[in-house]
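Me: I am new to this structure and would like a close look at a single part of it, the nonpolar core. Please set that part in its surroundings as well.

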Amino acid sequence: VLKSMRRQTTGKSIKETLAKLKAAMPDIHVRTTLIVGFPGETYEEFLDTVDMLEKVKFNSLYTFIYSPRVGTRAASMPDEISAEEKSRWFQELWKKQEEVVAKISPAMIGTTQRVLVQGYNEKQTMLWGKTEGNMNCEFEGDDSLIGNFVNVKITESPNFVLKGTLITE
């Protein structure tokens, strides 16, 4: 699939590079972007991607279901995967990522993270932002913090969203 996408890398080289980075910097946070259902992708190839999530342990993902873009080489490639199947694969990918994050996030409890405050969470009850490692984080604070960097001590990691306490000094 990477070759069809004209990428200059392989799954093996990605794993090797990330293993070296993590050996040199154990606390590194790694994010990647994945497309599900690229033309010609088989379910077995998709499962290789899911397997890579387990091995590499990305902290966060940007994921998309493939859709053709006019003028691209891929738009003229046969796309035999139904929208329903792509959606199922997408859900399967996110289920695996949730499992990965549930395993790696607890290590952040007790750490202090620099967070860019972006607004309020969905329930409008807490401020929400992104850590430097691109992890979602919620904490109590007021409107004046939106758009600023703050330090947050992580107290919980119940899911994809870290929870913490604003450090005021």
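Reply: Helices and strands are here DSSP runs, with at least four residues for a helix and at least two for a strand, and they are numbered from the N terminus. Counted in this way, the protein has three helices and seven strands. The model is a predicted one. Read from the N terminus, the order of its elements is α-β-α-β-α-β-β-β-β-β. Along the principal axes, the C-alpha atoms fill a box of roughly 55 × 35 × 25 Å. The protein has 169 residues, and 35% of them are buried. Of the contacts with a separation of 6 or more, 64% are between residues 24 or more positions apart.

Now to the core itself. The largest nonpolar core is made up of 15 residues, and V36, F46, L53, F58 and L93 have the most contacts inside it. Two or more residues come from each of the elements β1 (31-36), α2 (43-56) and α3 (83-104). The element that gives the most is α2, with five residues.

L53 serves as a way into the detail. Once residues up to four places away in sequence are set aside, L53 touches L34, F58, L61, L93, K96, Q97 and V100. Two of these partners, F58 and L93, are also among the residues with the most contacts inside the core.

There is also a second, separate core of 13 residues, which includes M135, C137, L145 and V152.

Just beyond α2 comes a loop that leads to β2 (60-65), and K57 is in this loop. The phi of K57 is near 60 degrees, which is a positive value in a residue other than glycine. K57 counts as partly exposed because its relative accessibility is 29%, and that class lies between the cut-offs of 20% for buried and 50% for exposed.

A similar case can be found later in the chain. Q124 is not a glycine, yet it has a positive phi of about 60 degrees. The place of Q124 is the loop between β3 (112-120) and β4 (127-131). With a relative accessibility of 55%, Q124 counts as exposed.

N136 belongs to strand β5, which covers residues 136-139. A polar contact of 2.9 Å joins the side chain of N136 to the side chain of K130. Apart from neighbours within four places in sequence, the residues in contact with N136 are W128, G129, K130, F160, V161 and L162.

Towards the N terminus, helix α1 (residues 11-24) contains S13. S13 counts as partly exposed because its relative accessibility is 25%. Between S13 and V30 there are 15 Å in space from C-alpha to C-alpha, and the two are 17 residues apart in sequence.

The last feature of the surroundings is a pocket. The second largest pocket holds about 280 Å³ of space. It is lined by 14 residues, and those nearest its centre are P26, D27, I28, H29 and N59. The lining of this pocket consists of six nonpolar, five polar and three charged residues.

To return to the part you asked about: the largest nonpolar core has 15 residues, and α2 gives five of them.

Definitions and conventions. Residues are numbered from 1 along each chain as its sequence is written. This is a predicted model: local features need pLDDT of at least 70, side-chain atom pairs count only at pLDDT 80 or more; totals for chains, interfaces and linings use all residues. Side-chain values use heavy atoms; hydrogens and water are left out. On a 1 Å grid over the protein atoms alone, a cavity is a set of points where a 1.4 Å probe fits but cannot get out, and a pocket is an open set with protein on both sides within 12 Å along at least five of seven lines; lining residues have an atom within 4 Å of a point. Grid points are joined across faces, edges and corners, and a volume is the space filled by probe spheres set on the points. Ala, Val, Leu, Ile, Met, Phe, Trp, Tyr, Cys and Pro count as nonpolar, Asp, Glu, Lys and Arg as charged, and the others, Gly among them, as polar. A nonpolar core is a set of buried Ala, Val, Leu, Ile, Met, Phe, Trp, Tyr and Cys residues joined through side-chain atoms within 4.5 Å. Buried means under 20% relative accessible area, exposed over 50%, partly exposed in between (1.4 Å probe, protein chains only). Contact means heavy atoms within 4.5 Å. A polar contact is a pair of N or O atoms within 3.5 Å; within protein, one must be able to donate a hydrogen and the other to accept it, and residues adjacent in sequence count only if both atoms are side-chain atoms.
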